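I opened the model to go through its strand pairing. My entries follow the display.

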Amino acid sequence: MSEREQSLERKVSPLSGWPLLGLLVLVEAAAVAATVAIARSPRIEPAWVLGAIIPGILFLVLMAPGFYLVNPNMSRVMVLFGEYRGTVNRPGFFWTNPFTMKHHVSLKAHNVASEKIKVNDLGGNPIEIGAVVVWRVRDTAQALFDVEAYEEYVDIQIETAVRSLASSHPYDERSDAPETISLRGDSVQVAQELQGALAERLDRAGIEVIEARLSHLAYAPEIASAMLQRQQAEAIIAARHKIVEGAVSMVEQALADLSQRHVVELDGERRATLVGNLLVVLCGQSAPQPVLNTGTLYT
């Protein structure tokens with residue numbers, strides 16, 4: 001089955017409405033003057049009065065629907081007897097065929113904040129996620145003719161794209177795959193991916209995505225407490241790892257300095273005792289309590 005050809009916007013040069021409005025005013029003024037003159041003549045029959053009024057009324061009825069306004073950052077899509085005639089996006093006061101349907105399409109930037117939705121991330125954890133998307137109509141013909149209710153279409157596609165994005169990435173960085181893009185840790189890459197996915201989805205409707213980013217990201221309430229404990233444990237482990245790494249480096253440097261300066265000669269057992277004491281001092285959470293040894297290591 002072949003795909004239907006996309007609509008394509010065509011710009012049209014509208015006809016200014018001011019000259020025709022002036023003509024309409026002159027014709028109506030002439031009709032009124034003729035009607036008054038005929039009505040004042042005692043020998044004129046009522047049929048002549050109607051003959052002067054009716055053409056003016058018909059002219060007004062036919063001409064008036066053709067006038068329309070185009071405000072800044074707005075457009076009018078012209079459809080005449082089911083055929084697309086073009087788009088007017090130049091601000092002003094214009095006139096066209098009175099039988100032409102003139103559809104409003106806004107060219108302004110729209111700001112959409114999606115609702116918070118619950119979805120499972122790549123690891124299967126339930127999370128809450130929401131996004132903010134800024135978009136505008138790029139092609140009025142596509143927006144009006146290629147999709148049904150393009151604003152609703154945008155809302156649905158935003159939710160679909162956010163769900164797809166959340167399920168394809170983990171919430172946090174994974175220790176077994178540090179190169180994986182996470183929703184919380186790689187916000188810039190995630191926003192770019194979301195914008196690209198939306199641009200592809202909304203191209204059918206002639207919609208341009210100006211900006212897209214996550215506005216809300218959190219674990220679902222049922223697992224938030226457990227995930228917070230896990231994050232705290234991971235932070236404590238990472239901090240302890242840094243502390244131990246630094247302490248080992250300091251002990252190594254202390255032993256090297258003592259040996260080079262010949263401050264004291266240490267055998268293997270005394271060296272092990274010194275290392276243990278230094279690690280306790282450097283890695284302990286509380287302040288160390290000194291212990292006075294009145295003897296020797298061996299007594």
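**Strand notes**

I started with strand β9 (residues 126-137) and found it mostly covered, with ten of its twelve residues buried (under 20% relative accessible area, against over 50% for exposed and partly exposed in between, using a 1.4 Å probe and protein chains only). I note that this is a predicted model, where local features need pLDDT of at least 70, side-chain atom pairs count only at pLDDT 80 or more, and totals for chains, interfaces and linings use all residues. Residues are numbered from 1 along each chain as its sequence is written, and side-chain values use heavy atoms, with hydrogens and water left out.

For the assignments I took strands as DSSP runs of E, at least two residues, numbered from the N terminus, and I called two strands paired if DSSP finds at least two bridges between them.

I then looked up the partners of β9. Strand β7 (residues 110-113) pairs with β9 in the antiparallel sense over four bridges, and valine 112 has valine 133 as its bridge partner there. Strand β8 (residues 117-120) is joined to β9 by four bridges, also antiparallel; valine 119 is matched with isoleucine 127. β8 and β9 form a hairpin with five residues between them, and glycine 124 in the turn has a positive phi of about 85°. Strand β10 (residues 207-219) runs antiparallel to β9 and is joined to it by eleven bridges; glycine 130 stands opposite histidine 216.

Next I checked the open sheet of three strands, which has the order β4-β3-β6 with antiparallel pairing. Its edge strands, β4 (83-88) and β6 (101-106), each pair on one side only. Strand β3 (residues 74-80) pairs with β6 over six bridges, and I found serine 75 opposite valine 105.
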